[in-house]
Amino acid sequence: MKAKKPLMRAVAFLLVLAVAGAVFFLSRPVAEEDPSPCEVVRIWNVDTFEGGKGSRTSFLRAAARRAEAQTEGVKFLVSSYTAEGAEDALARGQKPDLLSFGIGFSAGAEYSLPLGGGFSGGEVNGKVLALPWCRGAYALFSRAGATGTRTVISRGGENLVEVAAALGGVEGRTEDSMRAYVAFLNGEYDRLLGTQRDLCRFAARGADVSAEPLTQFCDLYQYISMLSGEHAAACRVFLSVLLGEKTQAKLASIGMYPVISGTDDVSAPQCGLTASVFSSREALDEMRLLCGSADGRKKLMKFLKKI
């Protein structure tokens, strides 16, 4: 009988612990369910052409923070995608609420909802499906003291630099963007048909060059479309912030230019023609081929839109 006493004491001790634990658990306050969970708006950014400097995705994230300050319980999540990655995600049924993209990425066209405002490059069948939020510019650069006309044309993405050259009356050899930039600085060429990316490179290097803007054509626009109506009100707040004068005035921080009236940059005047941002890759290739002859350039005009 004496051997059972330690065992009984252990059992009693465990029972006391169990009861104390149950009382503690039951006495804890129950967390109330949040009556207004955070609304999440997803934004994808797809870069298809070279920017100026810095990151367009980072710029969108800064705009998202300003938009959050104007909304209650809304979180704007900005993600960077390659064109291939975004196409694959869309094909698998994933899509963002807002899509930022440039020419050469047309996969979002079938999901884009009509927006207010107007810009010919974002119109499809009379409906504005995309609005530009920043832009670049083409220019013909010349080295100080250079008197020749040897010209290199810089290709840095899906944009139609060939069209800019053809309509600007510029002939030369087309090279990859960095190769063209280095060859120009090394004196292999007297002129460089480039973009805002080259302007930023020259500024960082302190290179002595002059620039003549090409104003006949520009497709260096970064657009934004709304792909989902689920968070339409919050999306429109973001669009208002992004296209607002305060945000547009900050575009110089990434070497890009504003697109709204009243904040136009005189160093990059607006151009006369553009191409649809929803142009298929086949259409882009056809436009490039048409640039090769005088007859082709006449046919090219059917693809272009007045700004």
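A residue counts as buried when its relative accessible area is under 20%. Arg-288 has a relative accessibility of 17%, so Arg-288 is buried. This is a predicted model.

**Helix 9**

Arg-288 sits on a helix with a clear inner side. In helix 9, the buried residues are Ala-283, Leu-284, Met-287, Arg-288 and Leu-290. Viewed down the axis of helix 9, these buried residues fall within an arc of 165°, so they line one face of the helix. The opposite face, turned away from the buried side, carries the exposed residues Glu-282 and Leu-289.

What covers the buried residues of helix 9? The cover includes strand 8 (151-155), helix 4 (161-167) and strand 13 (273-275). It also includes helix 10 (294-300) and strand 14 (304-306).

**Salt bridges**

The structure holds 15 salt bridges. Three of them are listed here.

| Pair | N to O distance |
|---|---|
| Arg-281 and Glu-87 | 3.1 Å |
| Arg-288 and Asp-285 | 3.2 Å |
| Arg-143 and Asp-190 | 3.6 Å |

Take Arg-281 and Glu-87, whose side chains meet at 3.1 Å. Arg-281 belongs to helix 9 (residues 281-290) and Glu-87 to helix 3 (residues 83-91), so this pair ties together parts that are 194 residues apart in sequence. Both partners are partly exposed: Arg-281 has 37% relative accessibility, and Glu-87 has a relative accessible area of 26%.

The bridge between Arg-288 and Asp-285 stays inside one element. Both residues lie in helix 9, three residues apart, which is about one turn of the helix. An α-helix has 3.6 residues a turn, so residues three or four places apart point the same way. Is each partner buried or partly exposed? Arg-288 is buried at 17%, whereas Asp-285 is partly exposed, with a relative accessible area of 43%.

Arg-143 and Asp-190 also form a salt bridge, at 3.6 Å from N to O. This pair links distant parts of the chain, 47 residues apart. Arg-143 lies in strand 7 (residues 139-143). Asp-190 lies in the loop between helix 5 (177-185) and strand 10 (191-194). Asp-190 is buried, with a relative accessible area of 7%.

Salt bridges also form a network. Glu-50, Arg-197, Asp-198 and Arg-201 are its linked residues.

**The five-stranded sheet**

Strand 7 and strand 10 are part of an open sheet of five strands, in the order 9-8-10-7-11. The pairing is mixed. Which strands form the edges? They are strand 9 (173-176) and strand 11 (209-213), each of which pairs on one side only. On average, neighbouring strands of this sheet are turned by 30° against each other, direction ignored.

Strand 8 and strand 9 run parallel and are joined by four bridges. Ile-153 has Thr-174, in strand 9, as its bridge partner. Helix 5 packs on the sheet and touches strand 7, strand 8, strand 9, strand 10 and strand 11. The direction of helix 5 makes about 115° with that of strand 9.

Strand 8 has a second role in the packing: it is among the elements that cover the buried residues of helix 9.

**A buried threonine**

Thr-57 lies in helix 2 (residues 56-68). It is buried, with a relative accessible area of 5%. Which residues does Thr-57 touch, not counting residues up to four places away in sequence? They are Asn-45, Val-78 and Ser-80.

Methods. Residues numbered from 1 in each chain as written. Predicted model: local features only at pLDDT ≥ 70, side-chain atom pairs only at ≥ 80, totals over all residues. Heavy atoms only, no water. Salt bridge = Lys/Arg side-chain N within 4 Å of Asp/Glu carboxyl O. Helix = DSSP H or I, 4+ residues; strand = E, 2+ residues; numbered from the N terminus. Buried < 20%, exposed > 50% of the residue type's maximum accessible area, 1.4 Å probe, protein only. Arc of directions from axis to C-beta. Contact = heavy atoms within 4.5 Å. Pairing = 2+ DSSP bridges. Axes fitted to C-alpha atoms, helices over the stretch in contact; angles between N-to-C directions.
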